[in-house]
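User: I would like to go through the enclosed spaces of this model and hear the reasoning behind each label.

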Amino acid sequence: MTAVTPAHAAHHPADILARAREVVDPILREAVDSLPEPLCRMAGYHFGWWDERGRPVGGRPGKMLRSGLAISACAACGGPPRAAGPAAAAVELVHNFTLVHDDVMDRDVTRRGRPAVWSVWGIADAVLLGDALHALATEVLATRLPRTAAGVAVRRLENTVVELCRGQHEDCRAESAGRTRIADCERIAMGKTGALMGCACALGALCAGAGVAAVATADRFGRELGLAYQLTDDLLGIWGDPEAAGKPPGDLARRKRSMPVVVALLSDTAAATELGDLYRDADRPLSPHDIERAARLVTEAGGRDATRRRAERRIRAALRALPSGAGSADLRALVRLVSERNR
């Protein structure tokens, strides 16, 4: 990416994400308003704009991290932030389509501190809403970007969605697998999270008119950052603060084979053996005491510390993918946000 110094650079993560929201919210609202009922009401509810009856509320909004990455990558490549608005909105729509579907697959009843879409409208309507958000993402790119960039952007986004689906499939399959390797966890994390963050950065670079090499560098940066994000998410899925996350950590209750658990199970320790016994009897729900015990065993077997170190390595790899100039200051600030996140 070309290192320039954009006059609008925010440099503080909260300011960067606030700027992204300012750019993206009007595009998102216009896209959502184009949906027929009840999909429009369901989408606005999911985004935190109104309640299930369509009455405005001050719901907890999403973080806008992927939008912030797209806009910051555009700025780092010399483009104005608003040029990346359609790309930022598209990745936000895709991200939220995956959240709606994830809640269905994981049977998570809460999202951002209130009932998830499927627990209000049912599974069928939640699946349809996710499909509609995906369709809106493609439409935003196809109709709002210059014709010379739209086709390339849509193709990249849709390839990313396929990668997301593959990663989610492998993640679901891993939960019933007898043995999962560390390499499997990293491949799943790349599909589930790294791919879309890489896409966000690449689309931002495209919107700035960057060349092929700069777009590839942006993609690599986003993918490394996405892996760090997912590894941190794996830690929060066991030890996260429910108040900060808007939902209780449930990975152990589902016997999910996230990175900390996989590292622990492969550690050849007494704690690994005991943890394996808890995970083996999939038909018996884990009690609160069992979950607390499992978390302690993962820590004793080294899963917590090893995952944290892996996340830190990915953070360093992301930073190495950036140029040293001041134009990447906003991206560096978002790296810091990911490395320090608690939700």
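Analyst: In this predicted model, the second largest cavity has a volume of about 50 Å³.

User: What makes Y45 and H46 lining residues of the second largest cavity?

Analyst: A lining residue has an atom within 4 Å of a cavity point, and Y45 and H46 are listed as lining the second largest cavity, together with R111, R112, R114, P115, A116 and V117, so each of these residues meets that cut-off. The elements that supply two or more residues to this lining are α2 (39–46) and β2 (114–115).

User: Why is the lining of the second largest cavity said to have four nonpolar, one polar and three charged residues?

Analyst: Tyr, Pro, Ala and Val count as nonpolar and Arg as charged, so Y45, P115, A116 and V117 make up the four nonpolar residues, while R111, R112 and R114 are the three charged ones. H46 is the one polar residue, because His is in neither the nonpolar nor the charged list.

User: How many cavities of 30 Å³ or more are there, and how much space lies in the largest?

Analyst: The structure holds two cavities of that size, and about 100 Å³ of space lies in the largest cavity. Its lining draws two or more residues from each of α7 (147–174), α8 (182–207) and α9 (212–239).

User: Which element gives the most to the lining of the largest cavity?

Analyst: That element is α8, with four residues; C185, I188, A189 and K192 are lining residues whose numbers fall within 182–207. By class, the lining of the largest cavity has five nonpolar, two polar and five charged residues.

Conventions:
Residues are numbered from 1 along each chain as its sequence is written. This is a predicted model: local features need pLDDT of at least 70, side-chain atom pairs count only at pLDDT 80 or more; totals for chains, interfaces and linings use all residues. Side-chain values use heavy atoms; hydrogens and water are left out. On a 1 Å grid over the protein atoms alone, a cavity is a set of points where a 1.4 Å probe fits but cannot get out, and a pocket is an open set with protein on both sides within 12 Å along at least five of seven lines; lining residues have an atom within 4 Å of a point. Grid points are joined across faces, edges and corners, and a volume is the space filled by probe spheres set on the points.
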